[in-house]
Amino acid sequence: MVKETNAPVRKKRKSTVADSDPEPDIYQKICEFEEKEAKSRDVVADSKLFAKCIESIHDQLHQVQELKNSQKAQPAKQHNLSANLAEIAVKICLIKKLNRIDKLYQVAERQQLILEKQKCDSVKLTYQNLVYELYHLTTETNKCLAFKSEDENIELVSFEDFMKNAPPSITSKFKNYDPLNHEEAHALKLARLEWELTQRKNVAEECKSLEERKKTVVAEITERKEKLNDLLPLLNVVIKAAKPLQEHLGMSGDHTRKEHCLANLLPDPLYILYANIVAYKSVFETNLTVSIVGDKDDATQFNEAQEVANCLNEDDSEPESELPEVEEVVEVKKRRHRKSAQQVDPLEEKKKRLLEVHPLKIELSFAIDEGPKLSLNFSYYTKLKLVTVNANVDVPSKITANTAGEILAGHNILSELVENDTGMESPNPSTGYLLKKMNLGLFQILVPDIGYAYGWAQSVCGINFLSPKKYCDKLSQQNVEMILKVIRKRLINRTHLAKQMQQLEQNILPPVPEDVETPTTRISTIGQWSSTTFQNFCQARFTQPLIDEEFVTVSDLFYSVKIIRGEANLKAFVVIKNTYPLPPPIFVLDLNYKGHHNSSNCDEIRDIERTLNVNWDHGMKSSAWLLSAQLQHLCSYLDVYLETLDPKTFQPNAKFIQNISGKNRRRPFKFRKIGTTGLFSQY
């Protein structure tokens, strides 16, 4: 029922901006309040309060029952009944609240229990993982303790041999080795194993190459054996068939007989040379071929004319007096020849008679594996009493560089084969007087026409101008073997040098063996490698000290190289002696960076030149890499100089301890092979 009331109805006010906000949810607030209250209340006290409320409701219900059972309901009793019912309703509400709070408390406790269970499970899982890891580590530790490495069965070189033969970069830290120090013993074991592995790899590679070479040689031997086996029956048939004819004609060994016939027609010096070379070749198995070049009939006629001339004791003046008489006869009888007779140059006639050469020559050929072939032609000039040599080199097609071709030129290979023997001067003392008598100038003018008159060529032909006997076979025997070995070494060295120059013209630095101490980290690069002349070398001002001290001569080989790093440009003249690699190439430097710097005005450039040009005592074995090693050092020294001079412009790359040291403020131009990259120092 709706309660009626006469109270006036209040009009609603218009909502303002402040009243436009929605009212908060009262139920949500009550729930949040009860959740907070459930967390803060005491469960024991609530349970006691709950029991007390139940007891009180039970008592009040008895009272209500008693009041209702009474026959007449008095107003006082009716009031008590309403009060009891109201109090019962309040307590029922309290019981419901306690029940809700208990449920909320149980939910919160259950969630807390779940969280604690999860934490417990996580701790237990972590504990199990740790136990498993402990077991695994224990197992692995036991395996490590029980492990026996195979290195115990490897027979290593002794400690003394290791310290003696291993590189200093490995052995330097074991100079004060203490056997009782387990760490040092372990490090020494590792170093010896690494050295042993390196040595075995090298031996394995060498063994592999030797096995391949062996297979090649075996294949060649097998092929030759098969050819010889096939050739022997044919030769037997041919010899058997030709034997009656040879007996009838008195012929035996056709080729040998021809060679011997030609050899008998050779002049004495060339005959001695041919005989000794054939004897040398028969003893030593070398890639050497010798042959006689020329026509037999021409040689026979020439020798007969020489014998007649010797018998008549004709001198050089008699033909000169007879020549005009012959020309006059020609003019009278046949006028058409007057013009040609008048055009004959007397000087050319003198030169032609003086340069009379024997028709037979000896051709000697050297060849190296996968390299150039050197051919030497020995000629004998009867009037000059000299043996001259013309050299020709068959350069392999893979060598295309201009500088490499110049290095392998014949006259460059043979120049100064013996000290100060360039072939441009006649070793015969009478040659100068003879040329002066006939007004033919210096001997150097004749060299392009006749060839080079090397002193060693006279020796191998048995000619000794200081001996009373002109032609000495013993002298030739003493010099043939030596000269042939020297020529072969020279050809090999020049081939190595040509291969380096082939790569330098392509702006590539050739590799250097690992046992040679060379810097590996460098920034400067080669810009241009080219050949130059002695005149260009002399025109440069900074090369004058070498010319004054006669360190270089016109017979040397001259090259120029440019090395670049940033704005710096270094020009270097490289002087290579004919006896390369002894002495090593000479470098003369001129740096163009904020002015020109060279040995005449810069101590640092002088220090670089001194470091480059000395202390290269590696012998003949260095011919394959010496020039490249010097250029690699030069690039690194230029880096060091620029980085110490202007570190802001040139980012430091080289490793050194001090930029400048000592009273003379020396820079670190001494490379030491320390560690993987090396270190530069002043001393």
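Leaving aside neighbours within four places in sequence, which residues is Gln632 in contact with? The first legend answers this for the predicted model.

**View 1. Surroundings of Gln632 in helix H22.** In this predicted model, Gln632 is part of helix H22, which covers residues 626-645. Apart from neighbours within four places in sequence, Gln632 is in contact with Leu509, Pro510, Val512, Thr518, Pro519 and Arg522. Its relative accessibility is 5%, so Gln632 counts as buried.

**View 2. Four-stranded open sheet with antiparallel pairing.** The strand order is S1-S2-S3-S4. Strand S1 (288-293) and strand S4 (386-394) are the edge strands, each pairing on one side only. On average, and with direction ignored, neighbouring strands of this sheet are turned by 20° against each other. Six bridges link strand S2 (residues 361-367) and strand S3 (residues 373-381) in the antiparallel sense. Ile362 has Phe378 in S3 as its bridge partner.

**View 3. Helix H8 on the sheet.** Helix H8 (residues 268-283) packs on the sheet formed by S1-S2-S3-S4. The helix touches S1, S2, S3 and S4, and its direction makes about 150° with that of S1. H8 has 16 residues, which should span 22 Å at 1.5 Å a residue; the end C-alpha atoms are 23 Å apart, in agreement with this. Buried residues of H8 include Leu270, Ile272, Leu273, Tyr274, Ile277 and Tyr280. Pro269 and Asn276 are also buried.

**View 4. Cis peptide bonds in the loop between S7 and S8.** Most peptide bonds are trans. The bond joining Tyr580 and Pro581 is cis, with omega about 10°. Pro581 sits in the loop between strand S7 (568-576) and strand S8 (586-592). A cis bond also runs from Leu582 to Pro583, where omega is near -5°. Pro583 is placed in the loop between S7 and S8.

**View 5. Positive phi at Asn439 and Glu550.** Most residues other than glycine have a negative phi. Asn439, not a glycine, has a positive phi of about 55°. This residue belongs to the loop between helix H15 (429-437) and helix H16 (447-450). With 58% relative accessibility, Asn439 counts as exposed. Glu550 is likewise not a glycine and has a positive phi of about 60°. Its loop connects helix H20 (544-548) and strand S6 (557-565). Glu550 counts as exposed, at 66% relative accessibility.

**View 6. Salt bridges within helix H3.** The structure holds twelve salt bridges. Lys91 and Glu87 form one, at 3.4 Å from N to O. Both residues lie in helix H3 (residues 75-146), four residues apart, about one turn of the helix. Lys91 is buried, with a relative accessible area of 16%, whereas Glu87 counts as partly exposed at 35% relative accessibility. Glu140 and Lys143 form a salt bridge at 4.0 Å from N to O. These two residues of helix H3 are three residues apart, about one turn of the helix. Glu140 counts as partly exposed, at 30% relative accessibility.

**View 7. Salt bridge of Arg610 and Asp607, and a network.** The closest N and O atoms of Arg610 and Asp607 are 2.6 Å apart. Because the two residues are three apart in helix H21 (residues 603-613), about one helical turn separates them. Arg610 counts as partly exposed at 39% relative accessibility, and Asp607 is buried, with a relative accessible area of 13%. Salt bridges with shared partners join Arg565, Asp639 and Glu643 into one network.

Technical notes. Residues are numbered from 1 along each chain as its sequence is written. This is a predicted model: local features need pLDDT of at least 70, side-chain atom pairs count only at pLDDT 80 or more; totals for chains, interfaces and linings use all residues. Side-chain values use heavy atoms; hydrogens and water are left out. Buried means under 20% relative accessible area, exposed over 50%, partly exposed in between (1.4 Å probe, protein chains only). Contact means heavy atoms within 4.5 Å. Two strands pair if DSSP finds at least two bridges between them. Axes are lines fitted to C-alpha atoms, for helices over the stretch in contact, and angles run from 0 to 180 degrees between N-to-C directions. The expected span of a helix is 1.5 Å times one less than its number of residues. A salt bridge is a side-chain nitrogen of Lys or Arg within 4 Å of a carboxyl oxygen of Asp or Glu.
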